[in-house]
Amino acid sequence: MEDFLSIVKTRRSANKFLPNIKVPRKDFEEIFNNLSQAPSCFNLQHAHYYVGESDEVIDALYEASYKQYKVKCSSATIIVTGDKDAYKNAAQIYESSKLLKIIDDEEYESMLNAINGLYESGGETFQHDEAIRNASISSMLFLLLAKNLGWDTCPMIYFDPEKVRTIFDIPENEIPVLMITMGKMDETSFRVRGYRKPSEEYVKYK
Ligand SMILES: Cc1cc2nc3c(=O)[nH]c(=O)nc-3n(C[C@H](O)[C@H](O)[C@H](O)COP(=O)(O)O)c2cc1C
């Protein structure tokens, strides 16, 4: 296992992957088991992952990404969605916490009231924003966990969400938030990292 800062510093968005390499299922299992530790609003776990690993699905995702070559040569291409209805599963999540005696009956009731109150009063806009926010937080952890096992990735938004929805049969309540290509970076496509602003430009202390 690499140390955390070296993973942060060496993660790059790959331009091109070495072809004909598959991600072993055990690597996905390790990534997804650890990914469940990601934070989410009220622990509602809004993010879902659809993994394209067969040639047929990767070809379809290549078309859905307007023929971005990094999809075609990827070992796997993943769609991350955010569930606008995640709050409707609060009872199930908090029931489990109650059974495990992490919370008592009173806390259970007050959590459900708080969650339903917030998501229902916030309406469609808030539910949409929550889906994007929580899937994005989860996706960043996915990129780092993949790198931790030696896999390169590229997060992408340039794809047709409706085509992707059809490929994986994604239900209407889930928003396709990000496409993530994954594989072993073809080092011949390596580019020096783009300019990064100094922290004084994007951090304010008061
Ligand atoms: C939300 C988001 C969307 C992105 N969409 C694309 C994309 O559609 N295609 C692509 O090649 N790269 C995409 N990227 C990768 C960025 O171009 C890349 O992260 C940025 O240039 C910084 O490079 P680095 O990740 O290697 O540090 C995206 C990154 C993010 C965070």
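Select helix 3 (residues 55-64) together with helix 7 (residues 161-168) in this predicted model, and you will find the two packed at an angle of about 165°, with their axes 9 Å apart. Since angles over 145 degrees count as roughly antiparallel, helix 3 and helix 7 are therefore described as roughly antiparallel to each other. If you turn the view so that one helix lies in front of the other, the crossing of helix 3 and helix 7 is a right-handed one. Now show the side chains where they meet: helix 3 contributes Val 57, Ala 60, Leu 61, Glu 63 and Ala 64, while helix 7 contributes Lys 163, Val 164 and Ile 167. Sorted by class, the residues of this contact between helix 3 and helix 7 comprise six nonpolar, no polar and two charged.

Next, zoom out to the whole protein chain, where eight helices and four strands can be coloured separately. Followed from the N terminus on, the elements of the protein chain come in the order α-α-β-α-α-β-α-α-β-α-β-α. If you draw a box along the principal axes, the C-alpha atoms of the protein chain fill roughly 60 × 45 × 35 Å.

The strands come next. Selecting the four of them shows an open sheet with the order 1-2-4-3, in which the pairing is antiparallel. Strand 1 (47-52) and strand 3 (152-156) stand at the edges, and because each has a single partner strand, one side of each is left without a neighbour in the sheet. Looking across the sheet, you will see a twist that averages 25° from one strand to the next. To examine one pairing in detail, keep strand 1 and strand 2 (residues 76-83), which pair in the antiparallel sense over six bridges. A convenient bridge to label is that of Gly 52, whose partner in strand 2 is Thr 77.

From the sheet, move to helix 6 (residues 105-148) and add helix 2 (residues 25-35), whose axis comes within 10 Å of that of helix 6 and crosses it at roughly 140°. Helix 2 and helix 6 are therefore classed as oblique to each other, and the crossing in which helix 2 passes helix 6 is right-handed. For the contact itself, select Ile 31, Asn 34 and Leu 35 on helix 2, and Ser 138, Leu 141, Phe 142, Leu 145 and Ala 146 on helix 6. The residues of the contact of helix 2 with helix 6 fall into six nonpolar, two polar and no charged.

Keep helix 6 on screen and replace helix 2 with helix 5 (residues 90-99), which packs against helix 6 at an angle of about 160°, with the axes 10 Å apart. That angle makes helix 5 roughly antiparallel to helix 6, and the crossing of helix 5 and helix 6 is right-handed. Here the contact is made by Ala 90, Ala 91, Tyr 94 and Lys 98 from helix 5, with Tyr 108, Met 111, Leu 112 and Ile 115 from helix 6. By class, the contact of helix 5 with helix 6 has seven nonpolar, no polar and one charged residues.

Finally, centre the view on the ligand. Which residues surround the ligand? Select Arg 12 and Ser 13, then the run Cys 154, Pro 155, Met 156, Ile 157 and Tyr 158, and finally Arg 193 and Gly 194, and you have the residues that surround the ligand. Colouring this shell around the ligand by class gives five nonpolar, two polar and two charged residues.

Note on methods: Residues are numbered from 1 along each chain as its sequence is written. This is a predicted model: local features need pLDDT of at least 70, side-chain atom pairs count only at pLDDT 80 or more; totals for chains, interfaces and linings use all residues. A residue is near a molecule or strand if its C-beta atom, placed from the backbone, lies within 6 Å of it. Ala, Val, Leu, Ile, Met, Phe, Trp, Tyr, Cys and Pro count as nonpolar, Asp, Glu, Lys and Arg as charged, and the others, Gly among them, as polar. Axes are lines fitted to C-alpha atoms, for helices over the stretch in contact, and angles run from 0 to 180 degrees between N-to-C directions. Angles under 35 degrees count as roughly parallel, over 145 as roughly antiparallel, 65 to 115 as roughly perpendicular and the rest as oblique. A crossing is left-handed if the near helix is turned anticlockwise from the far one by less than a right angle, and right-handed if clockwise. Two residues are in contact if their C-beta atoms, placed from the backbone, lie within 7 Å. Two strands pair if DSSP finds at least two bridges between them.
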